[in-house]
Amino acid sequence: MPRKGFRSLPDVTQKNMAAAKCSEDQWIEIQKAASEKRRELVLQGPSIDKKIVSGGLDVSIYSLSLLNYLEISQCANLTKVHPEIANLINLQSLILCRNKLCSVPEAIGNLKSLKVLDVSVNDLTCLPVELSHLSELNTLNVSCNRIRSLPDGLSKCVKLVSINVSKNEISNLPEDLFSSDLEHLSTIIASENAIEELSGNIYALSALKNVDLSNNKITEIPFDLADCSKLKEVNFRGNKLKDKRLEKMVNGCQTKSILDYLRAGGRGKGRGKQQEASAKDENTKDKRRKKRSDKHQKNKEEDEELDDLNQMVVKVLQVHDSDAAFTIKVAPQVKDVRPYIVCCIVKGMNLKQGNALKRFLMAQIKLHDEICERRTSATIATHDLHRLKGPLLYDARSPRTLKLVPLSRKEMNAAELLRQLQFEAEEQRKHKKRQNVSGLHK
């Protein structure tokens, strides 16, 4: 019974208060970040995704104005970000990868301090033109979406260093991406799209070091690419080029040969912009001398390529389809993480401690850096068959329940390992006075 002189609150009001209290309890991570005045907040995985299903992402997160790092990832039910994200005026890194975002709010253009934006592995089909307002942006990752075109005005992001638009549906790169205003742009990754042409104005990118346009629909590589003086690595594999000799170099990943070929004008089609007209006359004089050695050199290169190819060949000795064969079961949870697994059993190898093991690990590292695209497309794991008991299970688990023993470390769960690696990466970054982490930590 209520005390005399007091009235009980209406049921609706009581329910609202209960709901608010429930929301506070549910999003304890956000409440804790607010009370401790944190600069960083990471929300990821099934536990966060479950909260989003219950009532959506708590809007109080947009009141954490002190944040300079925000990560919300691996949440299949996160489909949108509220425009109030514009309130996070001190944000420098925004990581929204591996969700199901359908759009990026226009309000993101108000984050004037933003340096890193990662919205990879979502369901985006376009990007807001307001991205061009991010004058401090140095890293943009929009890979693994369904984006068909990039917004105009990227040349206004004058501090842009790296852009990754791989695994989308882009048919052409905007012309202002090749503006001389982007004097810090060193990496362009646009593999696995539908790009048909690369602009000759690419020579204007004076800091360009790495270009990856593999698996597109490019038929010609502009000679102007050779005028990028700092260029160290190019990848045009998987494109059907008209110049078959150039295509052969491309598929052999011969960056130096490709640039030399383009610099020389291919098969007599002209030179790069930095070559003087007088060089053509010199080329004519040298032509007769080179003609005699070209045939010999060509045969030598073909023999070397054949030798390299033979060293890479893997012979399949046996394939078992019997019930007694070693099997691996695949759980449905891996569909949204890494949906494919390829396995084989290799016998007759001596991998005891010593040079043999060292060479094997070096070969695996090289495959990770090149074919596996620095572990972003795939990873390779090698295990001792004698220590395995079948059938194996290929599964995705929560970082807190997954236990493992990393190389040269004690047993820990995945969440602990991630925290340790993040700490080591940050310490390394500070020690070497770099903006971003590098190497294996990256």
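pLDDT is the predictor's confidence in each residue, on a scale from 0 to 100. You will need it here, as this is a predicted model, in which local features need pLDDT of at least 70 and side-chain atom pairs count only at pLDDT 80 or more, while totals for chains, interfaces and linings use all residues. Residues are numbered from 1 along each chain as its sequence is written, and side-chain values use heavy atoms, leaving out hydrogens and water.

**Exercise 1. Find the mean pLDDT of the chain, then two stretches where the pLDDT is below 50.**

Step 1. The chain has a mean pLDDT of 82, and 79% of its residues reach 70 or more.

Step 2. Residues 1–24 have pLDDT below 50, and beyond near neighbours in sequence this stretch has four contacts in the model (contact means heavy atoms within 4.5 Å).

Step 3. Residues 268–281 are also below 50, with 17 contacts beyond near neighbours in sequence.

Step 4. Where pLDDT is low, the predicted coordinates should not be read in detail.

**Exercise 2. Explore the largest nonpolar core and name the residues that touch the most other members.**

Step 1. A nonpolar core is a set of buried Ala, Val, Leu, Ile, Met, Phe, Trp, Tyr and Cys residues joined through side-chain atoms within 4.5 Å. Buried means under 20% relative accessible area, exposed over 50%, and partly exposed in between, with a 1.4 Å probe and protein chains only.

Step 2. The core holds 74 residues, and I61, L94, I163, L173 and F236 touch the most other members.

Step 3. Elements giving two or more residues to this core include α2 (28–35), β1 (40–44) and α5 (255–263); helices (H or I, at least four residues) and strands (E, at least two) are DSSP runs, numbered from the N terminus. The largest share, four residues, comes from α5.

Step 4. Now look at L94: not counting residues up to four places away in sequence, its partners include L70, I85 and D118.

**Exercise 3. Which residues of helix α8 are buried, and where do they lie around its axis?**

Step 1. Helix α8 runs over residues 414–431. A414, A415, L417 and A425 are its buried residues.

Step 2. Seen down the axis, these buried residues fall within an arc of 155° (taken from the directions from the helix axis to the C-beta atoms), so they line one face of α8.

Step 3. That buried set packs against β12 (403–404) and β13 (412–413).

Step 4. On the other side of α8, F423 and H431 are exposed.

Methods:
Expected span 1.5 Å × (residues − 1).
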